[in-house]
Number of protein chains: 2
Amino acid sequence: MATIKEVAQHARVGVGTVSRVINNASAVHPETRARVQRAILELDYYPNQAARQLVTAQTLTIGVILPFLVRPFYVNVLQGIAAAVLPSPYHLNIFNVETAAIRSYYFEELPVRGRIDGLIVISLPLEQADVDRLRGARIPTVLIDGWHPEIASVGMDNRAGTRLAVEYLIGRGHRRIAFMSGPLDEELHFQVNRHRLEGYHAALAAHDLHSYPSMEQSGVDTYAGGGWMTEQLLDLPVPPTAIFAASDVHALGALQTAVRRGLRVPEDIAIMGYDDIELAPYVNLTTMCQPMAEMGRRGVELLMEQLGAEPPQPIHDVLMATLVPRGTA
Amino acid sequence: MATIKEVAQHARVGVGTVSRVINNASAVHPETRARVQRAILELDYYPNQAARQLVTAQTLTIGVILPFLVRPFYVNVLQGIAAAVLPSPYHLNIFNVETAAIRSYYFEELPVRGRIDGLIVISLPLEQADVDRLRGARIPTVLIDGWHPEIASVGMDNRAGTRLAVEYLIGRGHRRIAFMSGPLDEELHFQVNRHRLEGYHAALAAHDLHSYPSMEQSGVDTYAGGGWMTEQLLDLPVPPTAIFAASDVHALGALQTAVRRGLRVPEDIAIMGYDDIELAPYVNLTTMCQPMAEMGRRGVELLMEQLGAEPPQPIHDVLMATLVPRGTA
DNA sequence: GTACGTAATGGAAACCATTCCATAATGGCG
DNA sequence: CGCCATTATGGAATGGTTTCCATTACGTAC
């Protein structure tokens, strides 16, 4: 590999001039510039990134730490991030978290290793210790689908979104509406399900409807889990007339189970999902659509702003999910 | 940030000794080592990555270039890769390709930028120019779901897998078996669909069955696409008794359409998929299961071997898909 | 007692780009 | 014609690590 020194010699200029041509900083005589550019081409020169990083103290790398990479929501956000980063000089480092141990490992090592310029955290709640560490290491951070007073974020108002969904069901005349979600407590301490449950309660309360513990199910985050919970609900002495599922995956399970039990949807049982995954339009699922790619895009935007000059106050964006009325509710 | 020099002064040793402690290379007196380690702790020292990279010429970064990040197959392979890389010191850079232009951009820039030590390419066929460039830049490369004589790879035998699937249908007594896949020609030049079509032909030929162009559909890669193609097939004067879909997404579309048209599956029409996506067991889809995470894991393994010492001959692994008999065929 | 191998250590050189200061050349203006 | 501002340019210093060579100290074998 050619070095800047060799290019300089070859073009009969100093290294400073070559550097100025590469980074087109300050004034270089057009003729000189042309000579340098020819030398670069002839020697097939590319600046050494490591040397550059050493002196500029920039890695041109953005870290993305996210749980459960394979789930549609996270991949879609990631895709939005990737698309937004593409036209920039930054590369994307991904860190997939599947257990609390790995979570801790990353949050302890990442800030300190000096391998990223900025960090995007998806869905994982930040503890104060994490925030302090990131701040100490001067790593601009953005939370996607999360919130912390000191950190810029682009979140979803899950309470309001759920309330919208449940009020839609109420508006369609339903009075016995069940709630179904993934686990309310797991080791990674996700907040989503809890927030959606709160939104559900808020909607009921706002319309003077009672909430019953037996109408609230939470369980494993799979299609099958949705099916099982639906069985529970339908076997109730007084079963619900509508089910709000906090994720489309569960809603699909519910749909499947309802059909298998010979119920008509939405006449006998209405089903509403959350997420609007790729499959949703195809099975005609009424659901809440989250702007996943947009969240990723906006997250990158917020991070880039911080990468320039840290604004005094962290910006908190809140996006709203929109209701997509289809055939199941 | 503390530097190695400060640590050395603080521990009253030379920088060389500190370096030896950090990288536990060669002999350091236990007492000295302890003193250095204490100094490191007290000064909260972490080696500067950029400086390290500069002198070792290693980035400790592996690039993964893959198309259509959001599709289940790619995410799952990526997850396997991420899991395999986790215990190593390497980080993962992902490059999502959605158009031929972006593909070219990455393949031209990546080798030359000196930001990755090795590259994993998923599904994207390599042109000779790409191979030469990668070789020229001394970037060890592994192909996942791809093949090139000069590059190590872990691939799927899509012809054999498809043949297995179609022969299973033949074994169940089917004689009019349709084929359905994504586009045979698109700008990224994927080979899968073509290979699966070849496997389909081979299976028919081996059992003296005719193949008819009208029984071979290819179209867009969505659930809806599968539905449309199924309509075409079922509207044929002599419709098929079984459909082999080259992906589960299409199979799901077929299933949906068949049910909507009041056909019993598998009695009136048998449906076989390919991939075994998360949804497949839940809708009881008979399909071919690809060891996606395993492909990722094995790809990393092959790359790591090359990262040590380049073996003279590239290793070509071929994994087989396994048939998962369920309720639709 | 001498010679030699081994363990432990210090520190200069090398890695390669950016930055900044010094200097040279040029042009305009009084 | 002299002075100053501006434009171009060269190159040393800088960043922080690893590596390698030189040196010291010590134990062992003859």
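Trainee: How many nonpolar, polar and charged residues does the surface near DNA strand D have?

Mentor: A residue is near a strand if one of its heavy atoms lies within 4 Å of it, and for the classes, Ala, Val, Leu, Ile, Met, Phe, Trp, Tyr, Cys and Pro count as nonpolar, Asp, Glu, Lys and Arg as charged, and the others, Gly among them, as polar. In this case the surface near DNA strand D has 13 nonpolar, 11 polar and 4 charged residues. This is a predicted model, in which local features need pLDDT of at least 70 and side-chain atom pairs pLDDT 80 or more, while totals for chains, interfaces and linings use all residues. Residues are numbered from 1 along each chain as its sequence is written, chains are lettered from A and ligands numbered from 1 in the order in which they are written, and side-chain values use heavy atoms, with hydrogens and water left out.

Trainee: Which residues come nearest to DNA strand D?

Mentor: Of the 28 residues around DNA strand D, those that come nearest are Gly14(A), Ala27(A), Thr32(A), Ile4(B) and Tyr45(B). Of the atoms of DNA strand D that come within 4 Å of the protein, 64% belong to sugar and phosphate.

Trainee: Which atom of DNA strand D lies 3.4 Å from a polar side-chain atom of Arg20(B)?

Mentor: A polar contact is a pair of N or O atoms within 3.5 Å; within protein, one must be able to donate a hydrogen and the other to accept it, and residues adjacent in sequence count only if both atoms are side-chain atoms. For Arg20(B), the partner in DNA strand D is a base nitrogen. With a phosphate oxygen of that strand, by contrast, a backbone N or O atom of Gly14(A) is paired at 2.6 Å, and a backbone N or O atom of Asn48(B) at 2.9 Å.

Trainee: Which element gives the most to the surface near DNA strand D?

Mentor: Helices (H or I, at least four residues) and strands (E, at least two) are DSSP runs, numbered from the N terminus. Here H4(B) gives the most, with 5 residues.

Trainee: What is the distance from Arg20(B) to a base nitrogen of DNA strand C?

Mentor: A polar side-chain atom of Arg20(B) lies 3.1 Å from a base nitrogen of DNA strand C, and one of Arg20(A) lies 3.4 Å from a base nitrogen of that strand. The side chain of Tyr45(A) has an N or O atom 2.9 Å from a phosphate oxygen of DNA strand C. The largest share of the surface near DNA strand C, 4 residues, comes from H2(B).
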